[in-house]
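Reader: I am in my first year and would like a close look at a single part of this structure. Please start with one residue and then show me what surrounds it.

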Amino acid sequence: IIIFGIVYNQNNIRGGSNNGDQILIYDLEELKISTSKIKCPEDNKYHAVLMSDRIDNNLLVFGFLKNIKPVKYLPSDMIGLITSFYLTPYSTDYVHLFGHSGNGHWKICLDDILRIDE
């Protein structure tokens with residue numbers, strides 16, 4: 001679970017950290033909270049959406065297959081299947097942050113977010 005910026009409870013009382021620009025990561029296996037090394041763009045509440053960069057992933061697989069053996073035609077479904085099996089550990093996922101009041105849009109790499117202070 002990843003918490004971005006300011007958190008309010010149901011009574012509209014600010015909770016979480018004192019710094020509204022922090023990104024907190026709750027580890028469900030270890031049951032502990034860590035702080036990401038990177039910060040939110042501003043002290044704000046955010047809506048967050050996690051997205052994969054599927055177009056880049058498909059291009060990587062297609063380029064890899066072309067280097068191994070020239071392929072005249074490979075159905076897009078086949079490229080998608082290969083992508084889902086072989087590229088998952090290397091895929092790039094991004095979190096899109098939207099300022100709660102509708103101001104601002106930021107794209108942050110999930111791998112960068114998951115780097116924590118020890």
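**L31 and the parts around it**

Author: L31 is exposed, because its relative accessible area is 59%, and exposed begins over 50%. This is a predicted model, and the values below are computed from it. L31 sits in the loop that runs between strand 4 (23-27) and strand 5 (32-35). Its backbone deserves a remark: phi of L31 is positive, near 55°, and L31 is not a glycine. Most residues other than glycine have a negative phi.

A second positive phi belongs to G102, which takes a value near 90°. G102 is part of the hairpin of strand 7 and strand 8, where five residues lie between the strands. Strand 7 covers residues 93-99 and strand 8 covers residues 105-109; the two pair in the antiparallel sense over five bridges. In one of the bridges, F98 has H105 of strand 8 as its partner.

Back at the loop of L31, the strand before it is strand 4 (23-27). I1 touches L24, I25, Y26 and L28, leaving out residues up to four places away in sequence. I1 and L24 are 23 residues apart in sequence, yet their C-alpha atoms are 8.3 Å apart in space. I1 itself belongs to the segment before strand 1 (2-4). I1 is also exposed, because its relative accessible area is 58% and the limit is over 50%.

I23 leads to the interior. The largest nonpolar core has nine residues, namely F4, I23, C40, Y46, V95, L97, I108, L110 and I113. Strand 7 and helix 3 (110-113) are the elements that give two or more residues to this core. F4 shows how some of these parts meet: beyond its neighbours within four places in sequence, F4 is in contact with Q22, I23, C40, Y46, A48, V95, L97 and I113.

Helix 3 (110-113) also brings us to charged side chains. Side chains of opposite charge can pair when their charged atoms come close. The structure holds one salt bridge, and it joins the side chains of D112 and R115 at 2.4 Å, N to O. D112 is partly exposed, because its relative accessible area is 31%. R115 counts as partly exposed too, because its relative accessibility is 46%.

Notes:
Residues numbered from 1 in each chain as written. Predicted model: local features only at pLDDT ≥ 70, side-chain atom pairs only at ≥ 80, totals over all residues. Heavy atoms only, no water. Pairing = 2+ DSSP bridges. Helix = DSSP H or I, 4+ residues; strand = E, 2+ residues; numbered from the N terminus. Core = buried A, V, L, I, M, F, W, Y, C linked by side-chain atoms within 4.5 Å. Buried < 20%, exposed > 50% of the residue type's maximum accessible area, 1.4 Å probe, protein only. Contact = heavy atoms within 4.5 Å. Salt bridge = Lys/Arg side-chain N within 4 Å of Asp/Glu carboxyl O.
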